[in-house]
Amino acid sequence: MSSIDIKHRRKTFRCDRPKALMFHKNTVFYQTMNKNHNHALNRPNSQSEDKKMLVGYNKGEKEEVFRKMLKETYTLRNGVEIPKLGFGTWQIEEGEDAYNAVKTALEVGYRHIDTAQGYGNEKSVGRAIKDSAVPREEVFVTSKLEAHIKDYEGAKEAFAETLKRLDTDYIDLFIIHAPLPWGEMGKDCDEGNVEAYRALEDIYNAKKARAIGVSNFEVKHLQNILKNNEIVPHVNQIGYFIGIDQSKTIDFCRENDIFVEAYSPLGIGFLLENETVQNIAKKYGKTPAQICIRYLLEKGVSTLPKSVHKNRMIENSEVDFKIVDADMKTLDAIEGDPRRWDEIF
Ligand SMILES: NC(=O)c1ccc[n+]([C@@H]2O[C@H](COP(=O)([O-])OP(=O)(O)OC[C@H]3O[C@@H](n4cnc5c(N)ncnc54)[C@H](OP(=O)(O)O)[C@@H]3O)[C@@H](O)[C@H]2O)c1
């Protein structure tokens, strides 16, 4: 990890703070995941197509395969299709940085852009989508309600601002960013989450969002919504990558037909230094990043790698290969959160 990377992260930090991510830490990955590692946790449209390896393709065919990979989708409970691979925009600064990154990602072929009110870059994300050659209806746009907004009116007003900033009439997926405001671990926000989610339900019923959901919600937070709201969230976006045990939340989501999106697939980059990941990458003739991303696709979840570099955006999309069961088991056995928060903030 270069010091430039780290400096860039510090400069662009807005939310997704470590304290808020403590839900995912101190868990033991192998406890239940080993049992289940083969299950497709969500519903891939065409799993058999994942099996095709890229070796043996000529350049034109290879590019076609990449475009196909980026266009492949899962299907949410309400029939809405969500691309398997999205493009993350956390820590990409509002302005030219965010504009250029999203415009390039769309040129490369990404069709799912993940932003958030808290990232502060919705305006540039919207401008990049508008200026791109890709029709709006071909881009799946996600944004997130600020974690501290826990009331009905506040959520509706904030959503209206998101539409304005993104310069769009509707959004594909709108989710509550976190069950608690950042840095307020232990606070009881059950009622606030129900109220904020009620606003999302009205937004969905008014067809201003094609799907709604939550992020960073554990089982108890999901149970609260299931008990007190009308619409089961379509999506739960959680921190899920090699070394992190999310089996309880994922099992619960699967039982309730809530689609799981995995964020920070590369462990914010730190996972790429893992020796086991590097060795498996060598074995497959792939990069560590491709192994990390493919691992999540093998688990049947969608994922959202972020990079401001075009070559890495392309690399991260070249994941149309199969990791065999024995290697999945080896990756499953890696334990521990690789993220070094002290170096990030
Ligand atoms: N809901 C939530 O609370 C939440 C929390 C965190 C993240 N997210 C979403 O998930 C997205 C992805 O997660 P993330 O941004 O935390 O981290 P990530 O995608 O796991 O990793 C991004 C880091 O890895 C580097 N990188 C990317 N591709 C690489 C490659 N092929 N080789 C080497 N380095 C590479 C990037 O650097 P460069 O940019 O310099 O290439 C960046 O430093 C976010 O952007 C956001 O949209 C959501």
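**Ligand shell, helix packing and loop residues in a predicted model**

Sorted by class, the shell around the ligand comprises 10 nonpolar, 12 polar and 6 charged residues. The model is a predicted one, and the positions described here are to be read accordingly. Of the 28 residues around the ligand, those that come nearest are G88, L266, G269, A289 and S307. Among the elements that contribute to this shell, helix α13, spanning residues 310-317, provides the largest share, with 3 residues.

The protein chain as a whole contains 15 helices and 10 strands, and 48% of its 345 residues count as buried. Among the contacts in the protein chain with a separation of 6 or more, 77% are accounted for by residues 24 or more positions apart.

Helix α12, which covers residues 288-298, is mostly covered, in that 11 of its 11 residues are buried. The buried residues of α12 include the nonpolar P288, A289, I291, C292, I293, Y295, L296 and L297, together with Q290, R294 and E298. A289 thus appears both among the buried residues of α12 and among the residues that come nearest to the ligand. Just after α12, a positive phi of about 80° is found at G300.

Three helix pairs were examined for their packing, beginning with α5 and α6. Helix α5 (residues 96-108) packs against helix α6 (residues 122-131) at an angle of about 40°, and the two axes are 8 Å apart; this angle makes α5 oblique to α6. The crossing in which α5 passes α6 is right-handed. On the α5 side the contact is made by A98, Y99, V102, K103 and L106, and on the α6 side by S124, V125, R127, A128, I129 and D131. By class, this contact of α5 with α6 draws on 7 nonpolar, 1 polar and 3 charged residues.

Helix α6 also packs against α7, here at an angle of about 45° and with the axes 7 Å apart, so that α6 and α7 are likewise oblique to each other. In this pair, E122, K123, V125 and G126 of α6 meet T162, R165 and L166 of α7. The contact of α6 with α7 has 2 nonpolar, 2 polar and 3 charged residues. V125 of α6 takes part in the contact with α5 and also in the contact with α7.

Helix α7 (residues 152-166) is in turn packed against helix α8 (residues 190-205), the axes coming within 7 Å and crossing at roughly 45°. The arrangement of α7 and α8 is therefore oblique, and their crossing is right-handed. The residues that meet are Y152, A155, K156 and F159 in α7 and E195, A196, R198, A199, L200 and I203 in α8. The contact of α7 with α8 comprises 7 nonpolar and 3 charged residues, with no polar residue.

Several loop residues were considered individually. G120 is placed in the loop between β4 (112-114) and α6, where it counts as partly exposed because 18 other C-beta atoms lie within 10 Å. Although G120 and E94 are 26 residues apart along the chain, their C-alpha atoms are separated by 6.1 Å. A second sequence-distant pair is formed by H309 and T104, which are 205 residues apart in sequence and 8.7 Å apart in space, C-alpha to C-alpha. H309 is located in the loop between β10 (302-303) and α13, and it counts as exposed because 11 other C-beta atoms lie within 10 Å.

Two residues other than glycine adopt a positive phi, namely D167, with a value near 55°, and N216, with a value of about 65°. D167 belongs to the loop between α7 and β6 (171-176), and N216 to the loop between β7 (209-215) and α9 (219-228). As to their surroundings, D167 is partly exposed, because it has 14 C-beta neighbours inside 10 Å, whereas N216, with 24 such neighbours inside 10 Å, counts as buried.

Definitions and conventions:
Residues are numbered from 1 along each chain as its sequence is written. This is a predicted model: local features need pLDDT of at least 70, side-chain atom pairs count only at pLDDT 80 or more; totals for chains, interfaces and linings use all residues. A residue is near a molecule or strand if its C-beta atom, placed from the backbone, lies within 6 Å of it. Helices (H or I, at least four residues) and strands (E, at least two) are DSSP runs, numbered from the N terminus. A residue is buried if 20 or more other C-beta atoms lie within 10 Å of its own, exposed if 12 or fewer, and partly exposed in between; C-beta atoms are placed from the backbone. Axes are lines fitted to C-alpha atoms, for helices over the stretch in contact, and angles run from 0 to 180 degrees between N-to-C directions. Angles under 35 degrees count as roughly parallel, over 145 as roughly antiparallel, 65 to 115 as roughly perpendicular and the rest as oblique. A crossing is left-handed if the near helix is turned anticlockwise from the far one by less than a right angle, and right-handed if clockwise. Two residues are in contact if their C-beta atoms, placed from the backbone, lie within 7 Å.
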